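Welcome, and please open your viewer with the whole chain in sight. We will start with the overall picture and then select one region after another.

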Amino acid sequence: MSVKNQARLLAFETLLEIIKGKRYANLAVRRALDGSDLSLQEKALVAELTYGTVRNQYKYSRIIAELVRKDVDKLDVELLVLLLMGAHQILNMRVKKYAAVNEMVNVAHKLKLHKFTGILNAVLRRVTPELEVELEAKLDGDDKLAFTFSCPSWILNEYDSSLKHWGRTDELEALLTANNTAPSVEITDLKTRCSRVLTSGNPASDPDIQQGTSIVQDSGSLRVTDRLITARIVDPEGEAWADFCAAPGGKALVLATFLEGNAKSSLTANELHPHRFRLLSDSMKRFKNVTLTNLDAREIPGRDVKFDRILLDAPCSGLGSIRRRQELRNVKTLDEVACLSALQVELFSAAVQSLKPGGLLLYSTCSPLLEETVNVVDAVLRTHTELEKIDEQQLWTHLDGTDSMYYCLLKSTLQQ
Ligand SMILES: C[S@@+](CC[C@H](N)C(=O)[O-])C[C@H]1O[C@@H](n2cnc3c(N)ncnc32)[C@H](O)[C@@H]1O
């Protein structure tokens, strides 16, 4: 088997894991590449085949559905992955059609999926840029946008509602374009809280990352922690801070580094899920002023500890970061958003109950969806009238160059 075909085989296995197992694309690709002895060029091919196919999965599925005349969910998943990969090479990688078809047929043989070679041949030979244009021309409105940007309509509608809420009409296409553009790698210096772009090379080889003085982090996350840090001067007598949902620990590292300068202050960093708690423990082990807890944050009020400042970086759909987590658009559902929204309100209420009188609470999500942002804050404010909203901000990928993160800073008006 040619080296190119080995790359395609690895891309197939990685895509199958992502599409079938609903795995994070970045983790699946990293694991595949780390365990492979392919050349750098071939690894780049695996990454392009995987990320590009995931980014365009919605659009390619619609093209394939048109050709096989049935919903792609009815296809065998291995066949679907082979077809999606073939479509990506023909439509977006300038691979000659006969070469793409041959390569995918060879991969099918190598996988002993001989039964699919006929249909692969028949369908891929009919995938053309002209067909893509023809299908797009038949669509209009949201459906056309969904196809063009390969993003399900319900997500477009959610983005649009939020953009409109923030007075941003006519910006949907700009957001979708930004979401389809790979972000640069940004590095945060933990001490200075300044962000820089890594212009070339692997972040793991950056000396500041190796020494642990910097981390890879979207600058939107830095804006979130900065808002909590700069909200008011830290009491010289010390403050108790908490990060309720802290793993893997990017924001907690920034907070802990800041609090190191005030020996009387401390940070409690909490995480529910054991595997993520282990990641958090690894990143926080060098700090003396950090206590780690492995709890459901909704249980924290029962422990009778109160905090001066709380960061609640809540579990969310992540639909503000699809430029770096392309698979999210294909796996998230509106039902899941509704469940997350209910959990966010519960976590938020727990954080309010754990706040000292006069304390500060910062709620954030990596999502611009109203159900996960302003609606959650409104729901909590309805029941916790002791809270006062200080300010809120929705960052947008197309405007701020960050993930589309949301944060709201609130203060307890109870007397200290
Ligand atoms: C958005 S992530 C936090 C990211 C983190 N702040 C950072 O900057 O690295 C949300 C985290 O909340 C955790 N989580 C989910 N449900 C939780 C709960 N009930 N209590 C505590 N943590 C929870 C998730 O496992 C996830 O690690």
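Among contacts in the protein between residues at least 6 apart in sequence, what percentage join residues at least 24 apart? The figure is 71%. Keep in mind throughout that this is a predicted model.

**The whole protein**

Begin with a cartoon view, where the secondary structure comes to 19 helices and ten strands. The radius of gyration is 24 Å, close to the 22 Å that the globule rule gives for 416 residues, so the protein is as compact as a globular protein of that length. Turn the C-alpha trace along its principal axes and you will find spans of about 75 × 45 × 35 Å. If you colour by burial, 42% of the 416 residues count as buried.

**A first stop: β1 and its partners**

Now select residues 185-189, which make up strand β1. Show the side chains and watch them alternate: Glu186 and Thr188 point to one face and are buried, while Val185, Ile187 and Asp189 point to the other face and are not buried.

Add residues 194-198, strand β2, which runs antiparallel to β1 and is joined to it by five bridges. Look across from threonine 188 and you will meet serine 195 of β2. The hairpin of these two strands has four residues between them, and arginine 193 takes a positive phi near 55 degrees.

Next, add residues 214-216 for strand β3, also antiparallel to β1, with three bridges between the two. Here isoleucine 187 of β1 stands opposite valine 216.

**The seven-stranded sheet**

Move on to an open sheet of seven strands, in the order β6-β5-β4-β7-β8-β10-β9, with mixed pairing. Its edge strands are β6 (290-293) and β9 (387-394), each pairing on one side only. From one strand to the next, the twist averages 15 degrees.

Zoom in on β4 (residues 240-243) and β5 (residues 266-270), which run parallel and share four bridges. One pair to label is alanine 240 with its bridge partner in β5, serine 266.

Now bring in helix α14, residues 250-259, which packs on the sheet and touches β4, β5, β6 and β7 (307-313). The direction of α14 makes about 165 degrees with that of β5. Then select helix α15, residues 274-284, lying across β5 and β6 and running at about 170 degrees to β6.

**Last stop: the ligand**

Finally, centre on the ligand, which has 18 residues around it. Which of them come nearest? They are Cys245, Lys251, Leu272, Ala297 and Asp313. Colour the shell by class to see seven nonpolar, five polar and six charged residues.

Note on methods:
Residues numbered from 1 in each chain as written. Predicted model: local features only at pLDDT ≥ 70, side-chain atom pairs only at ≥ 80, totals over all residues. Near = placed C-beta within 6 Å. Nonpolar A, V, L, I, M, F, W, Y, C, P; charged D, E, K, R; others polar. Buried ≥ 20, exposed ≤ 12 C-beta atoms within 10 Å, placed from the backbone. Pairing = 2+ DSSP bridges. Axes fitted to C-alpha atoms, helices over the stretch in contact; angles between N-to-C directions. Contact = placed C-beta atoms within 7 Å. Rg over C-alpha atoms; globule rule 2.2 N^0.38 Å.
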